[in-house]
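This report walks through one protein chain, beginning with its cysteines and moving on to its interior and overall make-up. Please keep the sequence and the model at hand while reading.

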Amino acid sequence: MSPFFRARLAPLPLHFANPLWVDGGIPDFARHLQRIVLPQPGGVAELHACVAVLHSTVLDRHAPLWQLAIIDGLAAGEVAIYLKVHHAAIDGISGLGLAASIFDDSPDPPPLPSDWRALVGEAERAGTGARLTGALRHTATQSLSLLAQVPSAVRLLAGLIGGRRQPAAEGMRQNLGFGPRTALNGPITAERGFAAVSLPLAGVRAIAERHGATLNDVVLALCSAALRDYLAAHGGVPRKSLLATMPVSLRDAGNTEMTIQATLTLVRLATDVADPLRRLQAVRAAAGAAKALTKRARSIIPTDFPSLGVPWVVGGLASLYGRSGLAAHVPPLANLAISNVPGPRQPLYVAGGRIRACWPLSIVTHGLGLNITLFSYCGSLDFGLTVARAAVPEVQSLATALQAAYVELAQLSDVPPAAGQAQQPRRRTVGARQRPAALPAAARGASRRRSSTGGA
């Protein structure tokens, strides 16, 4: 069993620092696993509604931070798998390593050892003294590490200010600042919404090649077009461009440790540009500038921080931000989150059934009520649109707008119809062994995957 599924949080006295991860031994599977049967007619709408309810609940902090639901009752005869993982435990890239421990790469799964429980070992029971010592040691180490980076950070900032024509400096000017006020950026409740969209990877790549852009540039442009369409029907399109916050991996090649090793960057989505092709070029320039800035600053960006007193400060600020209504009045630093996670090109299997799609869910919080995460898998780009219903009450209309944006951009780019046709979630034939039920991972929680109740 992967150590991830056994790990739980051990709190420190008075919560004066972040809790520590300890081995909790064999988990109580009755608390982590459940089976759900969808109501009739068992279509995509019922699946999305079920997933939204599952995603609105908080994981039990006293147990390993994961939950898995098997969802039956789909009219097509398929089975959906919902996996929720706390964001503190995993990011998009390390999620690939977790997926490798859950899914098989062939329809013939390896036999389960009869003595698998013996392989887990004894649970680690860290005492209070050991946890305090570990927290103090961690704080001292990270404080020294941050201090060591100060000279490099000063030199970097001086270079950016002095080198006004450099791409990194241009990135600061283009993408920093506040976003416009929209309905996406107010206080939220615990209620969630979800919609899934699948687009052909080959078609998106063809659009990118036609315009000298990257695949991620096209993804951002598609999200921009969908937001313009949605906002036009919900309060109007702001004159100022929306800002997206995007995670950027800081991992070395091949590193799939179950930890967070990422930072955030900001990209202007050019939602103030009406023409789709001009918008794509504007997004391309903004994304390129943000990438140049992050690349230059990569060596001094920390992935871990001292935590003494942090739970008090962060908890107090989050409570103040949510309950005071500041989210409805303070200009947003970003209007939404967009994350693009590369996935496997080969098919994956569970118990002999082939995974048909991997639609990720992510987190929303006060002031950031929309999160668009996509996962590339087997020639498809699988988008998961996670929303706070208070911010985006009609998430399916946003999903429909995303599909329409792809079709429009494909036509304007002269992408052949075979590559330019958006893919709807649908029933496909099962793999070579003709299993009776295919298994789409319809709501797989792989990257930044936790449920949230207003920033909890």
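In this predicted model, a search of the whole structure turns up zero disulfides. Cysteine 358 illustrates the point, because its sulfur lies 8.3 Å from the closest cysteine sulfur, that of cysteine 378, which is too far for a bond, a disulfide being a pair of cysteine sulfur atoms within 2.5 Å. Cysteine 378 is likewise in no disulfide, the nearest cysteine sulfur being that of cysteine 358. As for their surroundings, cysteine 358 is buried, with a relative accessible area of 2%, whereas cysteine 378 is partly exposed, at 24%.

The table sets these two cysteines beside alanine 289, a residue taken up again further on.

| Residue | Relative accessible area | Class |
|---|---|---|
| Cysteine 358 | 2% | buried |
| Cysteine 378 | 24% | partly exposed |
| Alanine 289 | 6% | buried |

Alanine 289 belongs to helix 9, which covers residues 276-297. From its C-alpha to that of valine 267 the distance in space is 8.6 Å, while the two residues stand 22 positions apart in sequence.

Turning to the interior, it is a general tendency of soluble globular proteins that nonpolar side chains are buried together. Here, the largest nonpolar core holds 58 residues, and the members that touch the most others are Leu336, Ile338, Leu370 and Phe383. The element that gives the most to this core is helix 8 (residues 215-232), which supplies eleven residues. Apart from this core lies another one, of 17 residues, including Phe4, Trp66, Ala99 and Phe103.

Which residues does leucine 336 touch, once those up to four places away in sequence are left out? Its partners are Leu227, Leu242, Leu243, Ala244, Thr245, Leu269, Leu368, Leu370 and Ile372, and one of them, Leu370, is itself named among the core members that touch the most others.

Seen as a whole, the protein chain has 456 residues, of which 49% are buried, and its secondary structure consists of twelve helices and 15 strands. Among contacts with a separation of 6 or more, 78% are made by residues 24 or more positions apart. The accessible surface of the chain amounts to about 21000 Å², and carbon and sulfur atoms account for 59% of that area.

Definitions and conventions. Residues are numbered from 1 along each chain as its sequence is written. This is a predicted model: local features need pLDDT of at least 70, side-chain atom pairs count only at pLDDT 80 or more; totals for chains, interfaces and linings use all residues. Side-chain values use heavy atoms; hydrogens and water are left out. Helices (H or I, at least four residues) and strands (E, at least two) are DSSP runs, numbered from the N terminus. Buried means under 20% relative accessible area, exposed over 50%, partly exposed in between (1.4 Å probe, protein chains only). Contact means heavy atoms within 4.5 Å. Accessible areas come from the Shrake-Rupley method with a 1.4 Å probe; for residues, only the protein chains shown count as cover. A nonpolar core is a set of buried Ala, Val, Leu, Ile, Met, Phe, Trp, Tyr and Cys residues joined through side-chain atoms within 4.5 Å.
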